[in-house]
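Let's take a walk through this structure together, strand by strand. Keep the 3D view open beside the text and turn it as we go.

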Amino acid sequence: MKKNTLASVLVASLLAVACSPQDKPAAETSPAATTALDFKSEHAEWVHERAADLGKPDGWTSLIGLHWIAAGTQSVGGAEGNAIRLAIAPDRLAELEQRADGLYVRPVDGALITADGKPVQGEVRLEPEGKGGGTKLSYDEGKGQITAIKRGQRLALRVRHADAPARRHFGGLDFFPAEQSWRVQARFVPHPAGRTLPIVNVLGEVADTPNPGYVVFEKQGREWRLEALGDPTKSLNLMFQDQTTNRQTYGVGRYLRTDAVAADGTVTLDFNRAYNPPCAYTDFATCPLPPPENRLAQQDGDRQRVRLAVLAGEKKYALAQH
């Protein structure tokens with residue numbers, strides 16, 4: 001596969017347009033042109049960084065499995081007959097045991113496994129991913145990685161490998177052309193302290209998630225509202241669907257992060273940076289879904305349903321053909 005991804009091509013084209021010779025005289029004399037140039041360059045750099053992050057050896061495209069763990073001892077490896085069969089791994093790698101006090105892993109004879117960079121001798125307790133980071137097991141000279149995740153009361157192994165087909169055939173990213181008109185100012189309206197919003201993930205599990213407030217913004221002559229997650233003093237997390245969902249854009253919806261809410265309650269929503277959740281690139285993610293409140297739909301005066309088409313941000317992901 002060629003190293004140049006669609007993301008690289010996109011970045012180059014954006015920069016070429018932004019820096020074309022015919023634009024130079026205007027950029028030199030017009031503050032508006034200079035601002036437009038900076039905006040497009042910054043956006044191109046952001047797209048480049050996002051594509052690079054997805055394509056890292058341990059990025060979302062490197063996932064090769066999500067294996068739910070049963071009670072008792074289970075064999076782990078790449079060969080048939082293992083209770084947990086990994087897509088890319090030595091025939092026999094380890095034994096996994098879920099006990100009352102945690103999850104333990106013991107390498108089989110001859111298997112080289114590290115835990116957080118240190119060789120595993122005997123058994124090691126595998127702490128699930130979380131605020132503390134969790135335990136990271138590595139195998140296959142570091143190309144393979146195993147972590148544990150907890151969803152509800154269940155535990156699973158999340159497995160990555162640098163040679164994952166989804167990573168080797170990563171097709172890059174496709175975005176709508178960046179437009180400053182989709183960088184809108186919004187007003188943050190706080191909810192009473194302690195309010196939560198039920199958020200469903202792709203597994204059908206529901207988590208009551210802190211819901212500090214909502215944002216209100218104007219677009220196409222109407223006022224729109226999105227419920228927000230996160231910490232307003234740091235960043236808001238907005239998950240939404242719109243008229244483009246499952247058409248030009250990913251069928252589940254898209255995510256958008258903001259900067260901290262300003263002291264006067266304003267916050268910028270740059271829909272040019274709306275991005276796909278990890279499950280757009282892998283079947284082994286457990287993405288939360290946009291709540292029904294965030295479908296960017298309302299009724300007009302004739303009680304007809306009107307939806308906002310956010311023609312900005314990331315489009316559907318298309319796997320490269322090889």
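We will begin with a sheet, follow its hairpins, and finish with a loop residue and two cysteines.

Please keep in mind that this is a predicted model. A good place to start is the open sheet, in which six strands follow the order β1-β11-β10-β9-β6-β7 with antiparallel pairing. Its edges are formed by β1 (63–68) and β7 (118–119), each of which pairs on one side only. As general background, strands of a sheet pair through backbone hydrogen bonds, either parallel or antiparallel.

Now find strand β10, which spans residues 144–151. Is this strand mostly covered or mostly open? Six of its eight residues are buried, so by the cut-off of under 20% relative accessible area β10 is mostly covered. In the order of the sheet, β10 sits between β11 and β9, and we can look at each of these neighbours in turn.

On one side is β9 (residues 137–139), which pairs with β10 in the antiparallel sense over three bridges. Here Tyr 139 stands opposite Gly 144 of β10. The hairpin of β9 and β10 has four residues between the strands, and Asp 140 takes a positive phi near 55 degrees.

On the other side is β11 (residues 154–161), joined to β10 by eight bridges and running antiparallel to it. In this pairing, Ala 148 faces Leu 157 of β11 as its opposite residue. The hairpin of β10 and β11 has two residues between the strands, and in this hairpin Gly 152 has a positive phi near 65 degrees.

From β11 we can step across to the edge strand β1, which pairs with β11 in the antiparallel sense over five bridges. Leu 157 turns up again here, since His 67 stands opposite this residue in β11.

Let's leave the sheet for a loop. Between β14 (206–210) and β15 (213–219) you will find Asn 211. Why does Asn 211 count as buried? Its relative accessibility is 1%, and buried means under 20%, so this loop residue qualifies. Leaving aside residues up to four places away in sequence, Asn 211 touches His 191, Arg 195, Thr 196, Leu 197, Glu 227, Ala 228 and Leu 229.

Our last stop is the cysteines. How many disulfides does the structure hold? It holds zero. Cys 279 counts as buried because its relative accessibility is 12%, and Cys 287 is also buried, with a relative accessible area of 2%.

Technical notes:
Residues numbered from 1 in each chain as written. Predicted model: local features only at pLDDT ≥ 70, side-chain atom pairs only at ≥ 80, totals over all residues. Heavy atoms only, no water. Buried < 20%, exposed > 50% of the residue type's maximum accessible area, 1.4 Å probe, protein only. Pairing = 2+ DSSP bridges. Contact = heavy atoms within 4.5 Å. Disulfide = S-S within 2.5 Å.
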